[in-house]
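Good morning, and thank you for coming. Please look at the sequence and the structure together, and keep both in view while I speak.

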Amino acid sequence: MRFAKVEISSSAPIVPFRETIIRPPKVDMVNEDIGTQQKIAVIHQKKEDQNKYPEGVIVDSDGLVTLNTPNKLSTLSVRAMPLPEAVTQLLEESSDLIRTIEQFNLSVKEGRDTQEINPTTLEAIQKFKQKLEENVVGRKWRNAVNQISSFGPRRCGPNILLNRLENYHRPSMWQCLDKTRKDLGTYKDFDNSIISGFQLATLSGPVCEEPLMGVCFILENWDMSKVQQLVQIHNQSFTDGQTAKVEEFQQQVTSNESSLSELEPRLENQARPGDQIQDSRTPAESVADGQSNSEVVLTDCYGPFSGQLIATMKEACRFAFQARPQRLMAAMYTCEIMATAEVLGRVYAVLSKRTGRVLQEEMKEGTEMFIIKAILPVAESFGFADEIRKRTSGLASPQLVFSHWEVIPSDPYWVPTTEEEYLHFGEKADTVNQANKYMNTVRKRKGLYVEEKIVEHAEKQRTLSKNK
């Protein structure tokens, strides 16, 4: 600054991205059908990727990831699937309704007085559920709407966690629509740890730590049998210890020939913890108390068991995400440009240089001006207005408005695997990959590891002698 004499350093503009997964592509990067030879190459690539997973992570051919907690007492199996585009858009538009549903369910779970939801909001929630059921169709999505455990990130995002455990009847996400509230089910111990792990996984994805969008995680297995056995053994030993103390006091009464009335209060105090007393707590309090007792038993060198479950669920979701074709989603602007016929070519040149896409071109009635409607990535929009005015000598003026999120078609981790791709791109495949470029930019900004070659095929420089 001129008066403070302080230098101001400004960083490059921060552009948000989203991470998602897609169905396995049917064509390669040169738009050739993946045939028998190409499938073999893809299978070899998948086998190489399988070796990249750390020890203890089991990934089957269908993308089901199985992972144990650090203390080996619990096992989780998670699968990731891409949500239909209509469902993702519906979830993004209905974030306020989802937040209302989550707040109501949290109040019911904690046993607090739930505030009545007004009829207009209830009707909107009912329509939201119906639209979800209409858009989620097919054998893989059977009864999916009723199996929803949570939305993420921040409990109101465009990602879903489904509960497909056979022996776990969890309270429904749509409790606010059930007026009778019969057969609500009960929450399993450490259920909140699973939800928290899912929230953390959707908040920052594995590609470049950006939030996920349009991903459905399915919890297919959650083995807690070893945990239950350990807690039962601990409770049994606690009960046996109390019984031994009671017998010890009885022996003291007999040997010392002291009056029973003097030792009776002490006996009752020692025996009280093991007695079967009537529980007057609410279901939420008893669940929390049971979880805290289990937490004390299961705390070991790896830390509290709830924390281990959170970390394991997060890692399982990340590995399930990586088992599918990963893509980045870029924020897109709708660009409306008014220009004369003389400068149309220059306008198109600027748009194509910045990976824009023209949607519509029409002439304004009664004038010589053309109205061009195009889509432009937010990451490429900085300096766009100045450049287009400079190239057209001020005869074109753009107007940018945020429109939507769009999947970048190229794979950020792409390497040539088929014969046609080797012939087209070469062995190094050093052509510009837009998704990889965006990913590396974000990872550099966040201080994450970036895999890039600084020097390739380096040779020793020969010093030339001067001509005398």
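Let us begin with helix H13, residues 434–445, in this predicted model. What span should its 12 residues have, at 1.5 Å a residue? The expected figure is 16 Å, and the end C-alpha atoms of H13 are 17 Å apart, so the two agree. Several residues of H13 are buried: Ala435, Tyr438, Met439, Asn440, Val442 and Arg443. An α-helix has 3.6 residues a turn, so residues three or four places apart point the same way. Which strands help to cover the buried residues of H13? The cover includes strand S1 (17–21), strand S8 (326–340) and strand S10 (369–377).

One of those buried residues, Tyr438, leads us to a loop residue. Glu380 lies in the loop between S10 and H11. Is Glu380 buried or exposed? Its relative accessibility is 15%, and buried means under 20%, so Glu380 counts as buried. Setting aside neighbours within four places in sequence, Glu380 is in contact with Tyr438, and also with Arg354, Thr355, Gln434 and Lys437.

I turn now to pairs of helices, starting with H11, which follows that loop. Helix H10 (residues 344–353) packs with helix H11 (residues 384–391) at an angle of about 150°, and their axes are 9 Å apart. Angles over 145 degrees count as roughly antiparallel, and H10 is therefore roughly antiparallel to H11. The crossing of H10 with H11 is right-handed. On the H10 side, the contact is made by Arg346, Val347, Ala349, Val350, Leu351 and Lys353. On the H11 side, the contact is made by Phe384, Glu387, Ile388 and Arg391. Sorted by class, the contact of H10 with H11 has six nonpolar residues, four charged residues and no polar ones.

The second pair is helix H3 (residues 95–110) with helix H4 (residues 119–135). Their axes are 10 Å apart, and the packing angle is about 105°. An angle from 65 to 115 degrees counts as roughly perpendicular, and H3 and H4 are therefore roughly perpendicular to each other. From H3, the contact is made by Leu97, Ile98, Thr100 and Ile101; from H4, by Thr121, Ala124, Ile125 and Phe128. What classes do these residues fall into? In the contact of H3 with H4, six are nonpolar, two are polar and none is charged.

The third pair is helix H5 (residues 191–203) with helix H9 (residues 305–322). Their axes come within 7 Å and cross at roughly 40°. H5 and H9 are therefore oblique to each other, and H5 passes H9 in a right-handed crossing. Ser193, Ile194, Ser196, Gly197, Phe198, Leu200 and Ala201 are the residues of H5 that meet H9. Their partners in H9 are Ser306, Leu309, Ile310, Met313, Lys314 and Cys317. The contact of H5 with H9 has eight nonpolar residues, four polar residues and one charged residue.

Let us stay with H5 and consider one more of its residues, Thr202. Thr202 has a relative accessible area of 0%, and is therefore buried. Which residues does Thr202 touch, apart from those up to four places away in sequence? They are Gly152, Pro153, Asn159, Pro211, Leu212 and Phe217. Consider Gly152 in particular: it is 50 residues from Thr202 in sequence, yet the two are 6.1 Å apart in space, C-alpha to C-alpha.

Finally, I come to the backbone. Most residues other than glycine have a negative phi, and most peptide bonds are trans. Where in this model do we find a cis peptide bond? A cis bond joins Gly152 and Pro153, with omega about -5°. Both of these residues are among those that Thr202 touches. Pro153 is located in the loop between strand S5 (148–152) and strand S6 (159–163).

Arg155 is also in the loop between S5 and S6. Its phi is near 60°, a positive value, although Arg155 is a residue other than glycine. Arg155 has a relative accessibility of 32% and therefore counts as partly exposed.

Phe190, in the loop between S6 and H5, likewise is not a glycine and has a positive phi, of about 65°. Is Phe190 buried or exposed? At 1% relative accessibility, Phe190 counts as buried.

Thank you for your attention.

Note on methods
Residues are numbered from 1 along each chain as its sequence is written. This is a predicted model: local features need pLDDT of at least 70, side-chain atom pairs count only at pLDDT 80 or more; totals for chains, interfaces and linings use all residues. Side-chain values use heavy atoms; hydrogens and water are left out. Axes are lines fitted to C-alpha atoms, for helices over the stretch in contact, and angles run from 0 to 180 degrees between N-to-C directions. Helices (H or I, at least four residues) and strands (E, at least two) are DSSP runs, numbered from the N terminus. Angles under 35 degrees count as roughly parallel, over 145 as roughly antiparallel, 65 to 115 as roughly perpendicular and the rest as oblique. A crossing is left-handed if the near helix is turned anticlockwise from the far one by less than a right angle, and right-handed if clockwise. Contact means heavy atoms within 4.5 Å. Ala, Val, Leu, Ile, Met, Phe, Trp, Tyr, Cys and Pro count as nonpolar, Asp, Glu, Lys and Arg as charged, and the others, Gly among them, as polar. The expected span of a helix is 1.5 Å times one less than its number of residues. Buried means under 20% relative accessible area, exposed over 50%, partly exposed in between (1.4 Å probe, protein chains only).
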